[in-house]
Amino acid sequence: MERFALLSHFPVRLALLCSLRELMLFLVGLEYLAGFLFFYFSHQLLRRYCPDAVALTWLLLGFCFIFLGKVFLWDTYAYFDAYALLFLLLAMKSRNPALVFFFLFLAFWTDERSIVASALVWLWHALRPDYSDQKPAFFQQAVLRPNKPQGAILLAVLSTLVLRWLLAHRYGLPSVAGFSQILTEAKFVLIEQRLIELIPFVTISSFESYWLYIVGALLALWERWGLMLFLLALGASLGVAFLVYDMTRSVMYAFPAIFIAVRILLHELPPAIFRRLTFWVSVAALLFPTYYLSHYMWPIFYPIGQVPLTAGGLLCP
């Protein structure tokens, strides 16, 4: 017991030995590491479907100038978001059910918003490996016949909810919020704090020009059930983002929608047109300021000052 007591105090003693500056440098280093891994594995994932190295370079370069890049490269307020996004990406990259379960389980326990975003990871694994049919369909019959990675996603969600319920009832630890609590917090955030005014702005500025990929993919989804699944999964992720104060960062959990859209458009568009599209989307992302709910920052990560947005608040650096 004495050894256990000594070990239990070890993290506290270690933290006391570190200065605040050293601790902050350590956390920033972790965030940059997550950013490097995110961009590396994004390249590894997308190059399977995009043989055009130039188009892929423009596509990934533009990530640096939307809020998704800011999470990894500048926004050190909550470094855990960077790792939750990284784990979601790794769950998309892997086809091994055990690894899909492992990475999603890590994402769920890093941030609960990943649970809702896992619906988009489910859709990613529902995409057909090829479109060689005479009448191509983008999605497999994911709902009726889930494949092994999708089964791992369901198991990860179910096991997380059950474990959180057990911790709440056995040890009194916080678990998933009840419906009444969610409504109370949503009323406080959206109505009392008047953040409902920011929803249109946050929606557009979150992915900025990268919404062109998502809109283009929605137009390409002529199959009704595939279109409805994409809209439902995307809408769920956005809906959860708008129930909390931290809207802009929460919208980033819907980033798998960009990857799904890009993969669909790679099939629909001729390579030359897709390359041109990635160039102009990246340029537009560079020129459009990277906004945040309470902060905003111009491209190249340079803060310039405060400007009023609505009667209810300011956007500040």
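**Figure 1. Leu158 and the nonpolar surface patch.** In this predicted model, Leu158 is located in helix H9. With a relative accessibility of 53%, Leu158 counts as exposed, because the threshold for that class is over 50%. Leu158 belongs to a nonpolar surface patch of about 560 Å², to which Trp109, Val162, Leu163, Trp165 and Leu166 also contribute. Helix H9, spanning residues 148–171, supplies the most to this patch, namely 5 residues.

**Figure 2. Arginine side chains over tryptophan rings.** Trp109, a member of the nonpolar patch, carries the charged end of Arg164 over its ring, at 5.5 Å from the ring centre. A further view shows Trp124, whose face is covered by Arg263 at 4.9 Å from the centre of the ring.

**Figure 3. The aromatic pair Trp58 and Phe279.** The count of aromatic pairs in the model is 19. In the pair shown, the ring centres of Trp58 and Phe279 are 4.8 Å apart and the planes meet at 85°, so the arrangement is edge-to-face; the angle required for this class is over 60 degrees. Distant parts of the chain are linked by this contact: Trp58 lies in helix H4 (residues 53–63) and Phe279 in helix H16 (residues 271–287), with their positions 221 residues apart. Trp58 has a relative accessibility of 28% and therefore counts as partly exposed. Phe279, at 28% relative accessibility, is likewise classed as partly exposed.

**Figure 4. A cluster of aromatic rings.** Phe38, Phe39, Phe63, Phe72, Tyr210, Tyr213, Phe255, Phe259 and Phe274 are joined into a cluster through ring pairs.

Terms used:
Residues are numbered from 1 along each chain as its sequence is written. This is a predicted model: local features need pLDDT of at least 70, side-chain atom pairs count only at pLDDT 80 or more; totals for chains, interfaces and linings use all residues. Side-chain values use heavy atoms; hydrogens and water are left out. Rings of Phe, Tyr and Trp (its six-membered ring) pair if their centres lie within 6.5 Å; planes under 30 degrees apart count as stacked, over 60 as edge-to-face and the rest as tilted. Helices (H or I, at least four residues) and strands (E, at least two) are DSSP runs, numbered from the N terminus. Buried means under 20% relative accessible area, exposed over 50%, partly exposed in between (1.4 Å probe, protein chains only). A charge sits over a ring if NZ of Lys or CZ of Arg is within 6 Å of the ring centre and within 35 degrees of the ring normal. Patches are made of residues with over 30% relative accessible area and no salt bridge: like charges are joined within 9 Å, nonpolar side chains (Val, Leu, Ile, Met, Phe, Trp, Tyr) within 5 Å. Accessible areas come from the Shrake-Rupley method with a 1.4 Å probe; for residues, only the protein chains shown count as cover. A salt bridge is a side-chain nitrogen of Lys or Arg within 4 Å of a carboxyl oxygen of Asp or Glu.
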